[in-house]
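Here are my notes on this one, in numbered points so you can reply to each. Have the structure open while you read.

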Amino acid sequence: MSYLVPSEFVTKMVDAGESKIYMSTRDTLIRAYMAGAILALAAVFAVTVAVQTGVFLIGAILFPIGFCMLYLMGFDLLTGVFMLTPLALLDKRPGVTVGQILRNWGWVFLGNFAGALTVAFMMAFIFTYGFNADPGPVGQKIAGIGESRTLGYAEYGAAGWITIFIRGMLCNWMVSMGVVGAMVSTNVTGKVLAMWMPIMLFFFMGFEHSVVNMFLFPSAMIMGGGFSVADYFIWNEIPTALGNLVGGLAFTGLTLYTTHVRTAPKRKIDTHPSTERATA
């Protein structure tokens with residue numbers, strides 16, 4: 001594993017954030033669409049493995065396959081650009097403004113959502129044989145997840161909403177570490193190892209990821225989940241996305257940038273205290 005020191009890979013993070021701001025709308029949408037679709041397929045895969053084996057941990061261990069694939073292909077998730085693009089603004093890169101960052105987030109959100117929704121319709125069609133049969137155990141599991149993680153939170157009112165927000169923060173703290181993991185090594189094996197660990201942790205802990213949820217909840221509604229579009233946005237997608245933004249930026253992006261790029265001056269320590277005492 002060829003390892004880059006923190007000052008090197010954090011500079012790469014800032015460069016990546018600047019590059020995404022300057023990327024054309026076409027490329028931004030294509031890369032976001034593919035990222036949303038691949039992560040959705042990984043979620044289906046993980047849920048299928050968990051249902052068929054009865055061991056959720058096995059699904060969590062295998063879920064990072066999708067994350068590694070999409071980042072090795074250079075595709076973009078909303079959770080990743082939440083963390084990377086503001087660093088280019090903090091570093092005062094030319095042409096990078098708040099408006100340009102919001103523009104990038106908006107296109108990536110739309111691309112991720114379109115990709116995840118495409119897979120949701122495809123998998124619902126497969127599970128129900130063209131909407132002519134019951135969705136089966138995997139489809140029923142996905143529908144159950146959709147209900148429990150919208151209406152289940154709504155039962156607790158404001159406390160439930162804040163719970164989703166915190167789960168979203170913790171999620172993107174880990175997911176952003178996975179994004180950084182793709183930059184700490186110069187070979188594929190090292191990148192995959194560094195990405196795998198935090199992604200497995202977030203999935204097993206049941207934290208809320210805004211792009212995974214773009215698949216799970218529409219898919220659940222298509223297959224008979226008993227909640228509405230408003231329930232989905234108010235009691236999951238909006239607090240999850242906000243939590244992802246705060247967690248990725250505050251716990252990963254800003255901490256790494258502050259201590260490895262804008263490093264504070266070294267402390268001054270007297271190296272000859274005994275000599276001074278003797279003189280006094």
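1. Starting with Phe56: this residue sits in helix α3, helices being DSSP runs of H or I with at least four residues, and strands E runs of at least two, numbered from the N terminus. At 39% relative accessibility, Phe56 counts as partly exposed; buried means under 20% relative accessible area, exposed over 50%, and partly exposed in between, with a 1.4 Å probe and protein chains only.

2. Some ground rules before going on. This is a predicted model, in which local features need pLDDT of at least 70 and side-chain atom pairs count only at pLDDT 80 or more, while totals for chains, interfaces and linings use all residues. Residues are numbered from 1 along each chain as its sequence is written, and side-chain values use heavy atoms, with hydrogens and water left out.

3. Back to Phe56, which belongs to a nonpolar surface patch of about 640 Å² together with Val55, Leu57, Ile58, Ile61, Leu201, Phe204 and Met205. Patch members have over 30% relative accessible area and no salt bridge; nonpolar side chains (Val, Leu, Ile, Met, Phe, Trp, Tyr) are joined within 5 Å, and like charges within 9 Å. The areas come from the Shrake-Rupley method with a 1.4 Å probe, and for residues only the protein chains shown count as cover. Two or more patch residues come from each of α3 (56-62) and α10 (188-204), and α3 gives the largest share, 4 residues.

4. Now the inside. The largest nonpolar core has 74 residues, and those with the most contacts inside it are Phe9, Met13, Phe63, Phe67, Ile142, Phe202 and Phe215. A core here is a set of buried Ala, Val, Leu, Ile, Met, Phe, Trp, Tyr and Cys residues joined through side-chain atoms within 4.5 Å. Helix α2 (residues 25-53) supplies the largest share of this core, 11 residues.

5. Ile142 is a good one to click on. Leaving aside neighbours within four places in sequence, Ile142 is in contact (heavy atoms within 4.5 Å) with Val47, Phe127, Phe215, Leu216, Ser219, Ala220 and Met223. Of these partners, Ser219 lies in helix α11 (residues 210-222) and is buried, with a relative accessible area of 0%. With the same neighbours left aside, Ser219 is in contact with Ala120 and Ile142.

6. Leu84 is in helix α5 and is buried at 3% relative accessible area. Beyond its neighbours within four places in sequence, Leu84 is in contact with Met13, Ala16, Gly17, Lys20, Val179 and Met183. The C-alpha atoms of Leu84 and Ile101, 17 residues apart along the chain, are separated by 9.9 Å.

7. How many salt bridges does a search of the whole structure find? There are 6, each being a side-chain nitrogen of Lys or Arg within 4 Å of a carboxyl oxygen of Asp or Glu. One of them joins Asp15 and Arg93, with the closest N and O atoms 2.9 Å apart. Asp15 lies in helix α1 (residues 6-22) and Arg93 in the loop between α5 (78-90) and α6 (98-127), so the pair ties together parts 78 residues apart in sequence. Asp15 is partly exposed at 35%, whereas Arg93 is buried at 16%.

8. Another salt bridge pairs Asp76 with Lys20, with the closest N and O atoms 2.7 Å apart. Asp76 is in the loop between α4 (64-72) and α5, and Lys20 in helix α1, so this pair ties together parts 56 residues apart in sequence. Asp76 is buried at 4%, and Lys20 is buried at 14%. Salt bridges that share partners also join Asp15, Glu18, Asp91 and Arg93 into one network.

9. Arg26 forms a salt bridge with Asp27, the closest N and O atoms being 2.9 Å apart. Arg26 is exposed, with 58% relative accessible area.

10. Last, α6 and what follows. With 30 residues, α6 reaches 43 Å from its first C-alpha to its last, close to the 44 Å expected at 1.5 Å a residue; the expected span is 1.5 Å times one less than the number of residues. Just after α6, Tyr129 takes a positive phi of about 50°, although Tyr129 is not a glycine. Phe131 also has a positive phi, near 65°, and is a residue other than glycine. Tyr129 is in the loop between α6 and α7 (136-148), as is Phe131. Tyr129 counts as exposed at 66%, and Phe131 as partly exposed at 45%.
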